[in-house]
Amino acid sequence: MKSPAFGCVQPKTINDALECLQRHRPDTAVLAGGQSLMASLNMRLSNPAILIDINGIDDLSGISVVEDQLRIGAMTRQVELEHSPLVAQHAPLVSKVIPHIAHPAIRNRGTIGGSIAFADPAAELPACMVALQGQIVLQGPDGERRIAAEEFFQGLFETALSDNELLTAIEIPIAKHTQRFGFRELARRHGDYAMAGVCAASDWSSNNLIDLRLAYLNVGPGPVLAEQTASGICRNWGQNYDAVLEGLGSELDPTDDLNATSDMRIHLAKVLTRRLLEEWQ
Amino acid sequence: MTTHSRDRWVLDRPNSYIGRSVPRPNAKRLLEGRGNFVDDIVLPRMLHVVFVRSPYAHAQILSIDTTAAQTYRGVIAVVTGAQLAERHKPWVGVLKHLQGIVSPPQYAIAVEKACWQGEAVVAILAKTRAEGEDAAEAVKIQWQELPIVADAQTALDPDTPVIHDSLENNLCWERNFAAGDVDQAFETAAVVVEETFDIGRHTGVTVEPRSIVADYQPGENKLTVYQSTQAPHMMQNVFAKHLGLDEGDVRVVTKDVGGSFGIKVHVYADEFATVALSRMFQRPIKFIADRLESFVTDIHARDHLVKARMAVSKGGTIQALDFDDLTGIGPYSMYPRTSGIEANQIVNLTGGAYQIENYRATTKVVFQNKNVMCQYRAVGHPVACMIAEGLIDEAARQLRMDPVEIRRLNLYPDDGYPCKSVTGMAFENLSHHQSLDKLLDMMDYDSLRQEQADLQKRGVYRGIGLATFIEVTNPSPMFYGVGGAAISAQDGCTLRLDAKGNVFCATGVTEQGQGTETIIAQIVATSVGVAMEKVRVITGDTEVTPYGGGTWASRGCGIAGEAAGQAGRVLRDNILDVASVILQTEVDALDIQNGNVVDSVDGNVLTTLDEVARVAYYRPDTFPEDFQSELVVTRHYVPRDYPFAFTNGIQASYLEVDIETGLIRLLKHWCVEDCGTVINPQLVDEQIRGGIVQGLGAALFEHCIYDTEGQLQNGTMADYLVPMAAELPDIDCAHVVSMTGSSELGAKGAGEAGTAGAPAAVMNALNDALTPFNARVTAVPLTPQKVLEALGIL
Amino acid sequence: MELNGEIQLAATVDEIWKTLNEPVALRRCIPGCKAVERKDTNTFRATIRTKIGPVNTQFSTLLTVIPVSPPTRYSLTGEGQGGTSGFAKGTVKIELKPNSTGTLLDYTSQIQIGGKVAQVGSRLLTATAKKLVQQFFETLEAVISEDEFHDPKTVLPTK
Amino acid sequence: MMNDSLGVLEGDSEVHLTVNGELVSERVPVRRNLADFLRLDLGLTGTHVGCEHGVCGACTVRLDGKIIRGCLILAIQANGKRVDTIEGLSDDGHLEDLQAAFHARNSLQCGFCTPGILLTAAELIETQPDADREQIRTYLSGNYCRCTGYHAIVDAIESVLRSNQEKSQT
């Protein structure tokens with residue numbers, strides 16, 4: 001199981017990386033943390049002519065607060081998010097989610113940008129960004145653009161990133177002290193792809209939930225934002241919202257896989273949501 | 001032949017290492033990354049072989065075009081099955097004592113058609129593995145798909161196509177056994193419980209994949225094979241036989257083995273191809289199965305569907321047991337052990353802990369277009385255990401008896417040995433009741449039941465599951481030899497005292513991490529009378545070690561250990577003969593302790609072993625003319641008075657099931673087992689723990705999932721789930737000691753006990769937890785999906 | 001694996017039938033289909049490149065179009081070989097039922113993958129198949145809605 | 001072959017890095033991963049290859065002090081960096097306590113997974129000195145061991161953590 005031959009470019013700046021993309025596209029693959037790409041190369045499931053290794057671009061790493069946003073460079077390793085006081089303070093949901101991603105050696109290398117650009121439907125970070133109303137920062141030949149996470153993810157492994165663009169950063173609105181965050185997932189083993197999971201973010205005022213956002217993972221081709229269920233729960237907060245949860249299935253689009261049927265995923269999504277909300281009561 | 005305790009000479013030795021948890025001397029280099037695994041071997045002119053494998057479960061090879069592949073950089077040759085078939089004799093995986101078993105001839109590389117997804121069809125020899133894989137993509141094969149036999153349940157239907165033209169149907173073997181009046185017993189029984197047990201296919205997943213380097217030297221017509229295997233002498237025989245070489249010209253060397261569990265005791269077509277290719281091209285060739293290859297070519301195991309019923313009296317006495325077993329073994333019976341042994345074991349062993357008079361069992365072993373299936377750790381035992389333990393628990397539930405009480409009532413009494421089970425298994429001395437009592441004590445059974453009841457009131461569902469088991473260990477030739485296989489049941493040990501008082505020990509068994517070398521050294525050190533550091537153990541080299549069977553079926557300690565003990569006793573005698581000449585003393589007045597020759601009465605040191613050796617080797621001229629020192633001895637051992645040394649034990653699982661998600665959390669696991677004399681308690685416990693965890697894997701996670709077209713669906717490490725650290729409980733072990741009288745040492749095996757009982761214990765614990773819901777799951781792995789389905793949620 | 005469904009198309013049965021039997025249209029509808037070369041009346045050689053997330057595989061495919069019962073019942077079969085990656089096979093059976101707003105297209109599709117892609121990709125098989133089938137019919141809808149689905153620049157080599 | 005950052009590296013490429021404290025300069029195929037580079041080019045066979053898709057953890061090595069999967073990074077990506085393997089970390093005594101505890105507790109059987117497990121355990125000891133058994137188990141969740149069942153491994157790591165705690169208290 002050895003990877004096929006390819007060429008590799010190791011740009012040192014974002015502009016150089018963009019130039020490489022422009023020059024070699026479409027048969028390129030951007031090598032970020034490589035924790036998914038390298039495995040598929042070893043298995044010869046993908047065969048790009050040119051790898052663009054962006055690990056040498058210092059400008060792509062780092063966590064900072066820019067006005068009311070927490071800005072995370074695309075190449076920031078998951079382990080840095082796990083231990084960052086800035087993330088813990090301003091994006092506590094991210095801190096909650098990271099320990100559920102794979103294992104320590106993977107998080108030491110895996111990056112936030114890689115996970116988001118890859119858009120695996122079972123990944124935690126895409127759903128997390130959708131729940132948090134994160135903005136994905138893309139840079140291309142025509143400059144920088146920002147796109148809301150929920151629009152960035154467009155389907156099974158499909159995103160709004162085009163083949164001459166680079167995902168450079170993620171911006172997350174700084175958490176307010178009135179906000180609440182929750183995360184639940186159910187995997188058969190620690191660190192595995194979850195059978196279903198939910199990221200939740202909500203504002204909170206006089207014992208009422210406001211603007212609840214529920215973003216689910218592995219119950220659709222990408223992260224799924226369940227808007228009707230979320231608003232139904234807000235309306236019924238403090239009362240019985242079982243009926244609202246019953247409708248959750250119609251917002252999700254799971255398929256069968258080896259670990260759970262689509263019915264089971266919907267069932268688990270409901271259970272996880274209820275348990276998450278019970279924590280808030 | 002039975003040895004009485006007064007003859008247990010080794011056990012009574014001064015400064016004994018028997019029963020001591022001595023750390024393994026050979027573990028240190030492994031801890032420093034200085035192991036010597038096959039993939040670490042690099043030989044001059046060595047090539048790598050890459051196999052192009054069939055993507056189809058069953059397909060005719062219409063044509064193979066290798067012209068493009070041959071032009072690739074680094075490629076030396078591309079060889080098809082037809083080309084290689086001219087260079088070796090095919091094999092047939094049958095044994096005489098499995099009456100009626102059939103299997104077609106199998107070649108190293110598929111010749112006319114591929115019979116499972118993953119079967120090798122073309123071999124590429126290249127300078128690097130990567131270059132070989134590049135060329136593999138350029139091999140063009142024209143396939144014609146053939147009808148696929150995937151489902152074992154329909155494999156024998158008249159309208160199912162027959163896989164092999166040379167056979168009448170897809171039946172490999174069947175066995176029917178009956179004793180007593182089963183029908184009468186069921187008619188009159190107060191309670192009849194019935195279950196279908198579905199035991200999923202799983203596999204071993206050794207972290208070191210199957211690995212081999214073959215080095216044929218034309219000058220001497222000599223073949224040296226470095227192989228990660230459990231049975232070097234068996235492999236030597238097979239390579240010689242099927243390549244037409246003299247067995248004396250074949251040497252198999254086995255250094256460190258990165259896990260085996262029964263996976264590495266079989267003859268794999270691709271490994272044999274590697275050896276045949278080395279002979280064909282007259283240079284060293286390496287094959288290391290990559291992980292994707294492992295999942296579709298390492299033997300799979302289990303895959304049994306069992307319909308079973310048990311008749312029980314009102315008082316809880318088992319009156320009859322009756323079951324039909326069906327297993328699918330892939331397209332070939334594996335060579336040379338066959339793929340019928342697991343089914344045979346299930347017929348032999350089911351319910352073997354209990355006094356059952358009326359018993360009927362049938363098993364059918366069928367061919368199908370899936371990866372080959374064969375013996376893996378605890379062959380047949382976990383299935384046998386699930387049948388009996390699952391049924392007895394269900395009977396207890398219906399009779400409102402405690403699972404402990406119903407077992408107590410039916411287990412063979414501890415004072416009733418020797419005796420024979422209904423299937424003719426001879427039990428020398430087992431300890432079911434003592435083991436059960438010890439287990440209940442260790443787990444504090446009554447408190448646990450109380451805790452379970454208290455928690456249930458708060459909506460927390462926990463379950464306790466018990467599983468009694470017996471284990472086949474120390475097999476005599478009744479296992480394989482009697483069926484005509486060149487698999488040695490005996491094992492030998494050669495000891496040599498060197499000139500500095502060190503003892504070199506060569507044994508026919510191999511080390512795969514169990515601690516074989518350590519326990520052999522402990523036994524030798526004890527029986528000779530030297531410190532363990534003075535004993536050097538050599539394993540895994542057919543040119544150096546005595547002929548032996550290798551390490552499988554929990555035989556290393558009981559058989560090779562006994563040979564080592566006996567050899568040590570003789571070497572000690574021979575050393576004392578020399579010492580008595582030097583010291584001018586009667587032999588009876590001497591003993592060896594701590595490397596010194598001592599006065600056997602007061603223990604005073606009279607001389608040292610290196611002094612004895614010095615005189616023997618450098619100054620034999622000082623001996624009387626009629627005296628010759630003999631400081632190399634060899635002894636062999638094979639159990640004779642029992643076909644197998646049965647062991648017994650019992651396990652318990654405590655778990656919690658989340659009734660909303662179906663997720664099972666293992667809280668604790670216990671095992672009491674009786675392997676006779678315990679040489680090294682720590683090593684035995686770790687064998688038990690490791691075995692249990694493979695059983696827990698079978699219980700909860702491990703499953704080779706195939707689709708209806710014979711395609712493996714989860715052939716990666718990410719998708720084939722094995723239990724990891726975070727999913728596992730702590731495991732407590734304890735022992736009862738009932739020594740076998742067949743040997744001085746009295747040791748039986750322990751390597752498979754854990755795997756035998758764990759799945760049944762977990763299944764019973766789950767069903768105990770689900771009792772309030774009147775729900776049951778009897779198909780392993782016990783997945784959350786199955787739990788929710790049983791609960792009626794899905 | 002089987003996927004079934006129906007879609008409402010704003011076109012007549014005849015228009016849809018014509019599209020389904022037109023190689024250029026098929027090339028556009030089949031996701032990842034690069035070149036199509038006619039082998040004989042009903043069979044075509046095609047190269048299909050499937051890129052789903054990490055998996056990027058090229059299949060040499062034999063497409064067979066069977067006009068089961070013109071102009072309402074049709075089937076399209078593809079058998080693709082991807083060398084060491086494995087194989088993929090699929091059949092889409094289509095039934096066209098005219099109704100007041102156009103045509104109701106009823107489909108049943110069967111998809112089978114084998115070899116390495118099956119061994120590695122099963123986690124995502126259903127989702128992928130769903131996506132590919134969806135893409136096929138979405139493109140079909142788009143192609144039909146175009147005035148002229150022939151791309152004049154594409155000239156098909158025929159045997 | 002070009003050194004400018006837009007040049008495409010193809011075929012073989014030069015790497016200069018520090019492995020176990022030694023400067024290493026080699027020409028290596030661009031496609032070769034770090035685990036294969038260590039084994040094939042440097043003869044550091046203590047780094048084992050068990051799955052080549054990042055799951056088993058047998059190829060765990062340290063890159064600039066942090067554990068990573070050796071099979072999920074190219075050798076050329078380690079250019080200019082520091083790599084430590086089981087051999088180096090054994091020789092410099094870094095793993096001494098863990099190795100002694102593993103030996104005493106028989107926390108290894110076949111030893112194939114052991115180098116990866118030791119490196120993972122060492123990072124746990126550095127980053128979570130107060131870890132309990134459950135945290136130890138979680139940290140190890142990415143390392144396959146098929147022989148031991150993990151109980152003995154957890155015991156050994158726990159004993160090192162507790163003994164470190166005792167040392168720091170005195």
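1. Glu405(B) is partly exposed in this predicted model, its relative accessible area being 39%. Its side chain meets that of Arg408(B) in a salt bridge, with 3.8 Å from N to O, and Arg408(B) is likewise assigned to the partly exposed class, at a relative accessibility of 30%. Because the two residues stand 3 residues apart in helix H11 (residues 403-410) of chain B, about one helical turn separates Arg408(B) from Glu405(B). A salt bridge is counted when the nitrogen and the carboxyl oxygen lie within 4 Å, so the 3.8 Å given for this pair falls inside the cut-off.

2. A second salt bridge in chain B joins the side chains of Arg129(B) and Asp290(B), at 3.0 Å from N to O. This pair links distant parts of the chain, with Arg129(B) placed in helix H4 of chain B and Asp290(B) in the loop between strand S12 (285-288) and helix H8 (291-297), 161 residues apart. Are these two residues buried or exposed? Both Arg129(B) and Asp290(B) are buried.

3. In chain A, a salt bridge is formed between Glu82(A) and Arg107(A), whose closest N and O atoms are 3.0 Å apart. Glu82(A) belongs to helix H3 (residues 78-83) of chain A and Arg107(A) to helix H6 (residues 104-107) of chain A, so the pair ties together parts that lie 25 residues apart in sequence. Glu82(A) is partly exposed, with a relative accessible area of 23%, whereas Arg107(A), at 7% relative accessibility, counts as buried. For the structure as a whole, a search over all chains finds 85 salt bridges.

4. The contact between chain B and chain D deserves its own point. It takes 53 residues from chain B and 46 residues from chain D, and the area buried between the two chains is about 4100 Å², of which carbon and sulfur atoms give 55%. Which three residues supply more of the area that chain B buries against chain D than any other three? They are Leu31(B), Val207(B) and Met717(B), which supply 18% of that area.

5. The polar side of this interface can be described by pairs. Between chain B and chain D the count is 8 salt bridges, one of which brings together the side chains of Arg137(D) and Asp730(B), at 2.8 Å from N to O. Across the interface of chain B and chain D, 28 residue pairs are found in polar contact, with both residues of a pair at pLDDT 80 or more.

6. As to which elements of chain B take part, those that give two or more residues to the side touching chain D are helix H1 (27-31), helix H4 (129-136), helix H17 (681-700) and strand S28 (730-735). Among these elements, H17(B) gives the most, with 8 residues. By class, the side of chain B that touches chain D has 26 nonpolar, 12 polar and 15 charged residues.

7. A last point concerns strand pairing in chain B. Strand S20 (residues 503-507) of chain B pairs with S21(B) in the parallel sense, over 4 bridges, and the bridge partner of Cys505(B) in S21(B) is Val537(B). Strand S21 (residues 535-538) of chain B has two faces, of which the covered one carries Val535(B) and Val537(B), while the uncovered one carries Arg536(B) and Ile538(B). Val537(B) thus appears twice in this description, as the bridge partner of Cys505(B) and on the covered face of S21(B).

Note on methods:
Residues numbered from 1 in each chain as written. Chains lettered and ligands numbered in written order. Predicted model: local features only at pLDDT ≥ 70, side-chain atom pairs only at ≥ 80, totals over all residues. Heavy atoms only, no water. Contact = heavy atoms within 4.5 Å. Buried area = accessible area lost by both parts, 1.4 Å probe. Polar contact = N/O pair within 3.5 Å; in protein donor to acceptor, adjacent residues only side chain to side chain. Nonpolar A, V, L, I, M, F, W, Y, C, P; charged D, E, K, R; others polar. Buried < 20%, exposed > 50% of the residue type's maximum accessible area, 1.4 Å probe, protein only. Pairing = 2+ DSSP bridges.
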